[in-house]
Amino acid sequence: MTKQENKKEDPLEKGNTTAVSSYYGSMTFDQKAIRKKLPKEVYKALQETIKSGSKLSPDIANAVAHGMKEWAMENGATHYTHWFQPMTGSTAEKHDAFLSIDSDGTPIERFSGAQLIQGEPDASSFPSGGMRTTFEARGYTAWDPTSPAYLMKGGKGLTLCIPTVFISYHGEALDEKTPLLRSMNAVNTAALKLLATLGVDNSEGVITYAGAEQEYFLVDRKFYSMRPDLIMSGRTLLGAMPPKGQQLEDHYFGSIPNRVLEFMQEVEEELYLLGIPAKTRHNEVAPHQFEIAPIFERANIAADHNLLVMEVMRRVADKKGFALLMHEKPFAGINGSGKHNNWSIGTVEGVNLLEPGDTPESNIHFLVFLVAVLKGVYKRSGALRASIASIGNDHRLGANEAPPAVVTVFLGDLLEKVLDAIESGKVDFATEKQVLDLGLAHLPILNKDYTDRNRTSPFAFTGNKFEFRAVGSSQPIAVPNMVLNTLMAEAMDEMADEIQQKIQSGVDRDSAILEIIRTEITATKAVRYQGDNYSEDLQEAAAKRGLPNLRNTPQAMRALLDQDTREMFARYGVLSDQELTSRLNTRLERYIKGIDIEARTLQLMLKTFVIPDVSEYQGNLAGSFNGLVAAATTIGVSDKALKSQGAHLKELAENLSDLLDMTAELDAVIDKLSTIEEEFEAADFCAEVVLPAMDKVRTVADHLELMVDRSTWELPTYSEMLFEH
Ligand code: ADP
Ligand code: MG
């Protein structure tokens, strides 16, 4: 689309009257744009490169860069940037102008193949977790041709964004994208091997898919800007519960406030321009909490797109006078936000390997892949738990909120029955009839009535995909999907070997497959849990079955010290030992720094807001009490009245002095934290000492909030933030 056409048809100006399909993806250098801008042979070569996953050759790169620049400039872009995902949990970009000056002084727009396939950000400020020494601080960003370039709005103009991977001088992954791409390769290799073992050899490749349901809060910016805690840490560190919380549950799926709807529509229109298939929007359980969900895509594309969803939402929120809160628990006592990562595996030809088919044979294949998921999740539940551990998510997992820190799998009644029947040996699968008796032929029909969904499960099978619900709302999904892919690759690889061994020992293929299914059902039984995940029963079951119950980030990160786990990541070519260590270090460091920032922010708020406000109010109250005492005899105030008013003042004074004591305790704890050098020790100290000290002082501060004159209390309250529109 040219700039002029763009203007004429600007869907943002026309509101919803334009059909989405008419402008969907028009801000991306997609197949249509590529075909239009590139010579045929270059187009073909590029397609080949994308398909084979190989490197772009320099001469093709030059032609692609030229076409991309033409397209970008026609649409009004002046700058380009390599967009990448460093290990900070967000995204990074460095903008360069197309402009260059020729030797004779003429200005000209240039963009070469070398600039397309490789950029050189000064990487010394990005975390490497100890992988790079400063003298080789350079990192390289290189275009990932599987992810289309796009034009991003911002400020007054458009920027050409090139999705890239970020690697060190020696080729180590410095980002979250590279390991995800590697894990997609591992899945492909292992799945094709398993399919071949099953006797299926008509697939060109296997990929995983993801669809991320994204929860978030919107708060009026005028309140946000008056809350240092929201600004610094994304969550409220203080705040008394309002008289009404979410107990009425009247918000969930309620009508969307007009101002929010306008926000959602603008977000969606921008996402459609970027070729991001936003599908659903609705109110969530908590007041001011909402959700957006796209149609699922290849996991690596879905990971890029989820980051863009967050970025676009943040920008549109600012524009509309909102602050977007992506934190997992912005308000204590109110539901937190997660990101349900729907995940499945399928062939490039479009066969979902987790979908029951309509023949007994396809259903046996379905069971093989289903059991592989059980095997992978069971064996690597520690790594999976670690993939979603973060300072914010600790307030959900293992705290008072679903899902729990124990990773279990929910399959639903029907599949439980099928697996139990297979395990009990009631059927030996010798005949097709027995397979039919088991109901395997009818799975798809029953599947349509698959309503028994357990909303409390962290990892639930929902018909033809798994829903990993423990991911935090602010987390990039690249990491959990990378771990899911890797554990699945390992499980598939091992099952293929096991089946192959049986066949080699003389067992026929069908029996070999079914024997291995049975063996694995028994071996992984402990990871299946169908009950209420909020219950005490789960905690007991976890202990009895020996399932890891990793309640906070440092505990979860220790799972990555396990030698066997580390070898898995290395064996499947996803993360070398050093790359894994660097991720571990980076995550621990972020956890410690994050809690240090929270604690210092609370300290500041106590000293500059709460204590002064309470002191001021206490002064007023004391003045008025003294006045009353002085006039008591003259005006005949009863002793009882003096006593109760005195008691009120006394309660305030004693709470204020508790608050002062606890603030001093918090000061001491913060000082102590800065003296601890060993990272796990510091992280444990954060979880076990700093956070409890923060909670303790908060309880008193929140109690005082409800005693102090509203006009003296400077911080916006929960009632205002959550119930005013
Ligand atoms: P729910 O009942 O949990 O809302 P939906 O069917 O609406 O379930 O799907 C939720 C998310 O799951 C959407 O993002 C959707 O695109 C995604 N999804 C659906 N099918 C698959 C699949 N096969 N693989 C991965 N994600 C999927
Ligand atoms: Mg869902």
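Strands S15 (residues 459–461) and S16 run antiparallel in this predicted model, and three bridges join them. The two strands form a hairpin with four residues between them, and in that hairpin Gly-463 takes a positive phi near 90 degrees.

S16 also pairs with another strand: five bridges tie it to S13 (residues 338–347), and once again the pair runs antiparallel. Here's a nice detail to look for in the structure. Glu-467 of S16 is the bridge partner of Ala-460, and Glu-467 is the bridge partner of Asn-342 too.

So is S16 (residues 466–472) largely enclosed or not? Seven of its seven residues are buried, so the rest of the structure largely encloses this strand.

**On to helix H18**

H18 covers residues 478–504. Does its length make sense? What should its 27 residues span, at 1.5 Å a residue? The expected figure is 39 Å, and the end C-alpha atoms sit 38 Å apart, which agrees. Like S16, this helix is tucked away: 20 of the 27 residues of H18 are buried, so H18 is largely enclosed by the rest of the structure. Just after the helix comes Gly-506, with a positive phi of about 105 degrees.

**The nonpolar core**

The largest nonpolar core has 188 residues, and the members that touch the most others are Val-368, Val-377, Met-488 and Met-492. H18 supplies the largest share of this core, 13 residues. Try picking out Met-492 on screen: leaving aside residues up to four places away in sequence, Met-492 touches Ala-190, Ala-191, Leu-194 and Ala-372. In general, nonpolar side chains in soluble globular proteins tend to be buried together.

**The whole chain**

Zooming out, the protein chain is divided into these domains:

| Domain | Residues |
|---|---|
| Domain 1 | 3–172 |
| Domain 2 | 183–575 |
| Domain 3 | 591–723 |

Taken over C-alpha atoms, the centres of domain 1 and domain 3 are 51 Å apart.

**How far can you trust it?**

The mean pLDDT of the protein chain is 89, and 90% of its residues reach 70 or more. For the complex, the predictor gives an ipTM of 0.96 and a pTM of 0.93. There are weaker patches, though. Over residues 1–8 the pLDDT stays under 50, and the model has eight contacts beyond four places in sequence for them. Residues 441–451 also have a pLDDT below 50, with 13 contacts in the model beyond near neighbours in sequence. Where pLDDT is low, the predicted coordinates should not be read in detail.

Notes: Residues are numbered from 1 along each chain as its sequence is written. Chains are lettered from A and ligands numbered from 1 in the order in which they are written. This is a predicted model: local features need pLDDT of at least 70, side-chain atom pairs count only at pLDDT 80 or more; totals for chains, interfaces and linings use all residues. A nonpolar core is a set of buried Ala, Val, Leu, Ile, Met, Phe, Trp, Tyr and Cys residues joined through C-beta atoms within 7 Å. A residue is buried if 20 or more other C-beta atoms lie within 10 Å of its own, exposed if 12 or fewer, and partly exposed in between; C-beta atoms are placed from the backbone. Two residues are in contact if their C-beta atoms, placed from the backbone, lie within 7 Å. Domain bounds come from an automatic or database domain assignment. pLDDT is the predictor's confidence in each residue, from 0 to 100. The expected span of a helix is 1.5 Å times one less than its number of residues. Two strands pair if DSSP finds at least two bridges between them.
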